[in-house]
Amino acid sequence: MIDKKEILDAFYFRHACKVFDETKTIADDDIKFILETARLSPSSFGFEPWHFVVVQNRELRTRLKEGAWGATEKLDTASHFILGLTQRSFFTKYDAPNIKDFMRDVQRLPEDVIETRSSFYENFQKSDFDLNSERTLFDWASKQCYIPLANMMTAAAMIGIDSCPIEGFNQRLTGRLLSEEFDIDTGKYGISYMLAFGYRISEQKVKTRRPSNEVVSWKR
Ligand SMILES: Cc1cc2nc3c(=O)[nH]c(=O)nc-3n(C[C@H](O)[C@H](O)[C@H](O)COP(=O)(O)O)c2cc1C
């Protein structure tokens with residue numbers, strides 16, 4: 001068991017780091033550990049609607065700046081820079097052909113369970129969550145992709161690595177770049193966020209948050 005104080009210390013240590021120390025590089029083993037916490041993250045029905053691109057190529061990072069006003073200094077200084085991609089309906093819609101393969105090959109479910117889960121998944125999308133358009137499906141899958149985002153940042157903080165989540169970019173412009181320069185099929189994937197990792201160069205600001213009684217209410 002890990003000490004609760006140590007875990008909370010990591011939450012206080014984590015902040016949106018604006019500029020990183022360019023001279024420091026995260027060790028391979030550490031970035032692999034961070035990415036492993038993304039891979040192990042939970043998702044709805046366990047379908048893992050995500051993909052992560054680690055952008056270490058300097059030219060590609062420069063190109064990304066074109067649409068990413070919130071990422072400029074991070075793209076220049078981060079040790080590692082990740083794009084959080086979300087699967088589109090091609091993969092996630094209830095009748096997408098890969099869904100059954102996923103249940104068979106990845107989740108190793110027996111055929112009868114696959115059939116039951118498939119109709120459950122269809123009903124969930126059509127009736128429970130009204131996931132009836134490309135946009136609602138993308139946003140639903142995108143919500144799930146924020147779970148690995150949080151896990152990666154927390155895991156990084158626990159081993160003394162700084163991070164910054166980034167939504168400061170134009171989705172359409174960046175999408176075009178991903179298709180033209182990154183060889184990503186943007187009909188199948190959309191970008192949800194960017195995520196920079198590295199080591200801070202200056203002190204973090206004092207953390208401000210609403211008090212817990214405003215954030216949590218109990219019904220006993
Ligand atoms: C989804 C998301 C998107 C964000 N986008 C940006 C961004 O584009 N650029 C940036 O510098 N910070 C960005 N932030 C950082 C927030 O501004 C920051 O987390 C918030 O102000 C709280 O501060 P703290 O993380 O230092 O505690 C983003 C945070 C989240 C969760």
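Lys126 is a handy place to start: this residue is partly exposed, with a relative accessible area of 37%. Keep in mind throughout that this is a predicted model. The side chain of Lys126 meets that of Glu122 in a salt bridge, with 2.6 Å from N to O. Glu122 is partly exposed too, at a relative accessible area of 27%. Both residues sit in helix α7 (residues 111-128), and because they are four residues apart there, about one helical turn separates them.

**The overall fold**

Zooming out, the chain has ten helices and four strands. If you walk along the sequence, the pattern reads α-α-β-α-α-β-α-α-α-α-β-α-β-α. The C-alpha trace spans about 55 × 55 × 35 Å along its principal axes. Of the 220 residues in the chain, 41% are buried.

**Salt bridges**

The count of salt bridges comes to 14. Here are three of them, with the N to O distance for each pair.

| Pair | Closest N to O distance |
|---|---|
| Lys126 and Glu122 | 2.6 Å |
| Glu181 and Arg63 | 2.9 Å |
| Lys24 and Asp21 | 3.9 Å |

Take the Lys24 and Asp21 pair. Lys24 counts as partly exposed, at 41% relative accessibility. Its partner Asp21 has 13% relative accessibility and counts as buried, since the cut-off for buried is under 20%.

Now for Glu181 and Arg63, whose closest N and O atoms are 2.9 Å apart. Glu181 lies in helix α9 (residues 171-181) and Arg63 in helix α3, so this pair ties together parts of the chain that are 118 residues apart in sequence. Glu181 is partly exposed, with 33% relative accessibility, and Arg63 is partly exposed as well, at 29%. Glu66 joins in here: Arg63, Glu66 and Glu181 are linked in a network of salt bridges.

Helix α3 (residues 58-64) also holds Arg61. Is Arg61 buried or exposed? With a relative accessible area of 2%, Arg61 is buried, because anything under 20% falls in that class. For a sense of scale, the C-alpha atoms of Arg61 and Thr154 are 24 Å apart, with their positions 93 residues apart along the chain.

**A nonpolar patch on the surface**

On the outside, Ile2, Phe33, Met158 and Ile159 form a nonpolar patch. Together these four residues have about 350 Å² of accessible area. Met158 belongs to helix α8 (residues 134-158), and Met158 is partly exposed, with a relative accessible area of 39%.

**Pockets**

What is the volume of the largest pocket? The answer is about 370 Å³. The largest pocket is lined by 16 residues, and those closest to its centre are His15, Ala16, Lys18, Gln204 and Lys205. Its lining divides into five nonpolar, four polar and seven charged residues.

The second largest pocket holds about 210 Å³ of space. Its lining is made up of Arg88, Glu134, Arg135, Phe138, Gln171, Arg172, Gly175, Leu178, Thr186, Tyr189, Gly190 and Ile191. The elements giving two or more residues to that lining are α8, α9 and β4 (189-198). Which element gives the most? That is α9, with four residues. So α9, the helix that holds Glu181, turns up again here. By class, the lining of the second largest pocket has four nonpolar, four polar and four charged residues.

**One enclosed cavity**

Rolling a probe the size of a water molecule over the atoms shows where empty space is left. How many cavities of 30 Å³ or more does a search of the whole structure find? There is one, and its volume is about 40 Å³. The residues around this cavity are Phe47, Gln87, Phe91, Thr92, Asn98, Ile99 and Phe102. Two elements, α5 (89-92) and α6 (97-105), each give two or more residues to the lining. The largest share comes from α6, with three residues. As for chemistry, the cavity lining has four nonpolar and three polar residues, with no charged ones.

Methods. Residues are numbered from 1 along each chain as its sequence is written. This is a predicted model: local features need pLDDT of at least 70, side-chain atom pairs count only at pLDDT 80 or more; totals for chains, interfaces and linings use all residues. Side-chain values use heavy atoms; hydrogens and water are left out. On a 1 Å grid over the protein atoms alone, a cavity is a set of points where a 1.4 Å probe fits but cannot get out, and a pocket is an open set with protein on both sides within 12 Å along at least five of seven lines; lining residues have an atom within 4 Å of a point. Grid points are joined across faces, edges and corners, and a volume is the space filled by probe spheres set on the points. Ala, Val, Leu, Ile, Met, Phe, Trp, Tyr, Cys and Pro count as nonpolar, Asp, Glu, Lys and Arg as charged, and the others, Gly among them, as polar. Patches are made of residues with over 30% relative accessible area and no salt bridge: like charges are joined within 9 Å, nonpolar side chains (Val, Leu, Ile, Met, Phe, Trp, Tyr) within 5 Å. Accessible areas come from the Shrake-Rupley method with a 1.4 Å probe; for residues, only the protein chains shown count as cover. Buried means under 20% relative accessible area, exposed over 50%, partly exposed in between (1.4 Å probe, protein chains only).
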